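Open your viewer and get ready to click through a protein, one stop at a time. At each stop you will hear what to select and what to look for.

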Amino acid sequence: MSLRRIATTPFADQKPGTSGLRKKVTVFQQPHYVENFVQAIFDTIGAARQGATLVLGGDGRFLNRQVVQTTLKMAAANGFSRILVGQGGLLSTPAASNLIRISGAVGGIILSASHNPGGPDGDFGIKFNAANGGPAPEDITGAMHRRASMLVEYAILDVPDLDLDVVGEVTLGDCTVAVVDPVADYAVLMRKLVDFDAIAAMFRGGFRMRFDAMSAVTGPYAKAILEGALGAAPGTVVNAEPLPDFGGHHPDPNPVHAAELMAEMLGAEAPDFGAASDGDGDRNMIVAPGLFVTPSDSLAVLAAQAHLAPGYARGLAGVARSMPTSRAVDRVAKALGIPCYETPTGWKFFGNLLDSGRITLCGEESAGTGSDHVREKDGLWAVLVWLNILASTGQRADAILRDHWARFGRDYYTRHDYEEVDAGAAQGLMQALRDMLPTLPGKVFAGLTVAACDDFSYTDPVDGSVTAQQGVRVLFAEDARAVFRLSGTGTVGATLRVYLERFEPDVARHDAETQAVLAPVIAAAGEIAGIARHTGRDAPSVIT
Ligand code: G6P
Ligand code: ZN
């Protein structure tokens, strides 16, 4: 067994985005590409890695096993003394976050491109989570980028691949590699937070549900917890086996990509509850019989009802949402008399709020909801809390949502994505928007009057750090809002996201079609930003 120091040259593009370094598989397949970035992570951890524990796992996509092996050999060569790796190289993102926290690890490496397609032509990603279990903050990812830009060598053990399929401990150089059951510790945590007995009784009473794991990492988790511990009928979890190409699925849980689930839930034979998760298990989609629950509404419902779950029985300290997420949760916070924070897009911005105890629950329009139990959003957790609410109230999911709207009003919400737009054109659109901000207030577009607008800037209340230029928001006097920002997770060109919402307090008008209600807001947004002019597109590529 020998430690080798391999000479290398830096890659210019190893700059982590919203959620780690995410690129096409073919980019990661370049010689030394993976090794360089992993070394940059280790160098950024610095001396703290000596004798430390590292958590490692991924969502099972193409390259996962290979990169796990490389990372193990490099971690052993870089001074870690213990590595916890999920069996088969698998760990969902929330389970990895939990393992980091309970093992006292210095951090973890999660291999995933989240909801982006997998396979040889798909995407891959490497993300570092810090000791609190959360995505590395920007000063750390910035340091990784700087380190990667000047890297001249990396260290790796010259050893054969380890067997990752057998749970147990093996020695690798001076390091112990523990191959762990990826589900066990996570299931223990869930049992502490939600009332398994109440949910199991509901399943025994004939409650039917469908969980679509989209051939990604949550399959084993959902099978073990829903069908195993909670006694849901066998076959409740579909697409349960994680596949390197996700079986051709686009593992983004939304009505477009989870079309089969949507069709079933909107059909005559709809089960009582439908849910799906994404590639790495941090996102969730909730569908009531006949009714899709928009993620912003799901967050608001969870905030209003979380006290029904044992883990939240003492109430919530506060809540937070990302800026483009609808204001539905703000209304709940107001009613509960607790603070509601508005952060930039990206889970990492919740970290300080959670660590400092300012908030208990948080979520994003991008299908992420979570709590202070880990430092990532958690797809299956959200599903379980929903099940707890259904079991405790005995109400149907659609009734829960309608009652919520009746009490708080409904925030009609949609997101229009313009994918793979020319990057220069997208930047041009955003710049033009920023330039016109001072002139917008008072102007009327498609019958709506601009009341206020800005380019969102966030000052972290805990460490005082400022994050500017996080998206342009336009508030209309008619209690409507349009938000424009460029995606930070794409791998080809730029994706323009336009978030559109309008508040409707009148219960008699809660059953309208979302796109129709929002038509004036959509038209106003298109006019203000000159979307067609800048992008050459006359319609969005994806509407959710
Ligand atoms: C990842 C992050 C989320 C964030 C999302 C935004 O999933 O974990 O916290 O909301 O990216 O993606 P976008 O493509 O809109 O930048
Ligand atoms: Zn994800």
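Start by selecting A367, which sits in the loop between β17 (361-364) and β18 (368-371). Keep in mind along the way that you are looking at a predicted model. Check the backbone angles here: A367 is not a glycine, yet its phi is positive, at about 70°. Is A367 buried or exposed? It counts as buried, because 26 C-beta neighbours lie inside 10 Å, and the cut-off for calling a residue buried is 20 or more.

**A second loop to compare**

Now jump to M214, in the loop between β10 (209-212) and α8 (218-229). M214 is another residue other than glycine with a positive phi, this time near 55°. Show its surroundings and you will find 30 other C-beta atoms within 10 Å, so M214 is buried.

**How far to trust the picture**

Before going on, colour the protein by pLDDT. The mean is 96, and 100% of the residues reach 70 or more. For the model as a whole, the scores are ipTM 0.97 and pTM 0.95.

**The ligand**

Next, select ligand 1 and display the residues around it. Which of the 14 residues around ligand 1 come nearest? They are W347, S366, S487, G488 and T489. If you colour the shell by residue type, you will see 1 nonpolar, 11 polar and 2 charged residues.

**An enclosed strand and its partners**

Move on to strand β13, residues 284-288. Here 5 of the 5 residues are buried, so the strand is largely enclosed by the rest of the structure. Turn on the side chains: N284, I286 and A288 point one way, while M285 and V287 point the other way. That pattern is a familiar one, because in a regular strand the side chains alternate between the two faces of the sheet.

Now add the neighbours of β13. Strand β12 (residues 273-277) runs antiparallel to β13 and is joined to it by 4 bridges. To find one place where they meet, select G274 of the pair and look for its bridge partner in β13, V287. The hairpin of β12 and β13 has 6 residues between the strands, and G281 in this hairpin takes a positive phi near 85°.

Strand β14 (residues 291-293) also pairs with β13 in the antiparallel sense, over 3 bridges. Select I286 and find its bridge partner in β14, V293. In this hairpin there are 2 residues between the strands, and G290 has a positive phi near 75°.

**A sheet of seven strands**

Zoom out to find an open sheet with mixed pairing, whose 7 strands follow the order β2-β6-β5-β3-β4-β9-β8. Which strands form the edges? They are β2 (21-24) and β8 (168-172), each of which pairs on one side only. Rotate the sheet to see how neighbouring strands are turned by 20° against each other on average, direction ignored.

Zoom in on the β8 edge. β8 pairs with strand β9 (residues 175-180) in the antiparallel sense over 5 bridges. Select G168 and you will find it opposite V179 in β9.

**Last stop: a helix with a buried side**

Finish with helix α17, residues 519-529. Highlight its buried residues: V521, I522, A524, A525, I528 and A529. They cover an arc of only 165° around the axis, which means that they lie on the same side of α17. Then step just past α17 to G530, where phi is positive at about 55°.

Terms used:
Residues are numbered from 1 along each chain as its sequence is written. Chains are lettered from A and ligands numbered from 1 in the order in which they are written. This is a predicted model: local features need pLDDT of at least 70, side-chain atom pairs count only at pLDDT 80 or more; totals for chains, interfaces and linings use all residues. pLDDT is the predictor's confidence in each residue, from 0 to 100. A residue is near a molecule or strand if its C-beta atom, placed from the backbone, lies within 6 Å of it. Ala, Val, Leu, Ile, Met, Phe, Trp, Tyr, Cys and Pro count as nonpolar, Asp, Glu, Lys and Arg as charged, and the others, Gly among them, as polar. A residue is buried if 20 or more other C-beta atoms lie within 10 Å of its own, exposed if 12 or fewer, and partly exposed in between; C-beta atoms are placed from the backbone. The arc is that of the directions from the helix axis to the C-beta atoms. Two strands pair if DSSP finds at least two bridges between them. Axes are lines fitted to C-alpha atoms, for helices over the stretch in contact, and angles run from 0 to 180 degrees between N-to-C directions.
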